[in-house]
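Trainee: Could you take me through a structure feature by feature, giving the general idea and then the case at hand?
Mentor: Gladly; please put the structure up and we will begin.

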Amino acid sequence: MVLGSRIYLTLCVAMLCGCQIALPSLPDLAGAAGTSSVTLSQSGITLRPPKGYCVDTKSLRDTSDSEFALMANCKALKGRRISPDDPAIAVLTASISAPVSGDAAVDPKILAEFFATDTGRAALARSGDASKVTVLDSFAQADAYYLHALDRSPNPIGNLSPEYWRTITMIKGRIVTLTVTPFTAYPLTTAQIKKQITNFTQDMAEANLEQREVIVSE
């Protein structure tokens, strides 16, 4: 991968990781419109969250520059009470870049180097402060790069866990980053969060099977 492509990849990933919004609490989700999957008009990418989760259609941003969606418990989106034992009890997001250059690829080596820098950790922080983020684990699996982090940034709404998992992959010529973040009131173990991000990533890959691109490494 040439230097220009390395810079392009890290810039795209930084922009997507930094695309933070004020994520809601479970009560805030009541009355939102939810659907089990949706295909975005600009990219043609199908969003398919794991079982028990639905896409909040009111959260959709579908433009030529970027796309975004929030996903949450289907029952919560319909205003129904849910049990703390319900496995679908986190907030999921999907952020999608504009089309990338033809030689760009999600290279795990480049991403590992990027997230080891202050700039990379700042991109992972809600506050943009690199000192607030600790990268706990990262690895490449199948066609995705997985990252486990703690973000100790101030939480404006006070109900999201500092711990989350993220994956970065390529679908249909665009960089896609997926996240799973639990609520502090409904804590999940690290293993549970990891399982959910793995299921989310696999479901997205299967929903867009023909558009998947293989990770390459130098």
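Trainee: Is V100 buried or exposed?
Mentor: Buried means under 20% relative accessible area, exposed over 50%, and partly exposed in between, computed with a 1.4 Å probe on protein chains only. V100 has a relative accessible area of 13%, so this residue counts as buried. V100 sits in the loop between β6 (90–97) and α4, where helices (H or I, at least four residues) and strands (E, at least two) are DSSP runs numbered from the N terminus. The C-alpha atoms of V100 and M170 are separated by 9.5 Å, although the two residues are 70 apart along the chain. Keep in mind that this is a predicted model, in which local features need pLDDT of at least 70 and side-chain atom pairs count only at pLDDT 80 or more, while totals for chains, interfaces and linings use all residues. Residues are numbered from 1 along each chain as its sequence is written, and side-chain values use heavy atoms, with hydrogens and water left out.

Trainee: How many aromatic pairs does a search of the whole structure find?
Mentor: Rings of Phe, Tyr and Trp (its six-membered ring) pair if their centres lie within 6.5 Å, and planes under 30 degrees apart count as stacked, over 60 as edge-to-face and the rest as tilted. The search of the whole structure yields four such pairs. One of them, F115 with Y145, is stacked, at 6.4 Å centre to centre and 15° between the planes. This pair links distant parts of the chain, since F115 belongs to helix α4 (residues 108–115) and Y145 to strand β8 (residues 144–151), 30 residues apart. Both F115 and Y145 are buried. The rings of F139 and Y146 have centres 5.0 Å apart and planes at 5°, so they too are stacked, and Y146 is buried at a relative accessible area of 2%. Ring pairs also join F114, F115 and Y145 into a cluster.

Trainee: Which helix holds K109?
Mentor: K109 is placed in helix α4 and is partly exposed, with a relative accessible area of 41%. From C-alpha to C-alpha, K109 and Y145 are 9.6 Å apart in space, and 36 residues apart in sequence.

Trainee: What span should α6 have, and how far apart are its end C-alpha atoms?
Mentor: The expected span of a helix is 1.5 Å times one less than its number of residues. For the 18 residues of α6 the expected span is 26 Å, and the end C-alpha atoms are 26 Å apart, which agrees. Buried residues of α6 include I193, Q196 and F200. N208 lies in the segment after α6 and counts as buried at 1% relative accessibility.

Trainee: What does the side chain of N208 reach?
Mentor: A polar contact is a pair of N or O atoms within 3.5 Å; within protein, one must be able to donate a hydrogen and the other to accept it, and residues adjacent in sequence count only if both atoms are side-chain atoms. The side chain of N208 reaches the backbone oxygen of M204 at 2.9 Å. Elsewhere, the side chain of T179 makes a polar contact with the side chain of T93 (2.4 Å). T179 lies in strand β10 (residues 174–182) and is buried, with a relative accessible area of 9%.
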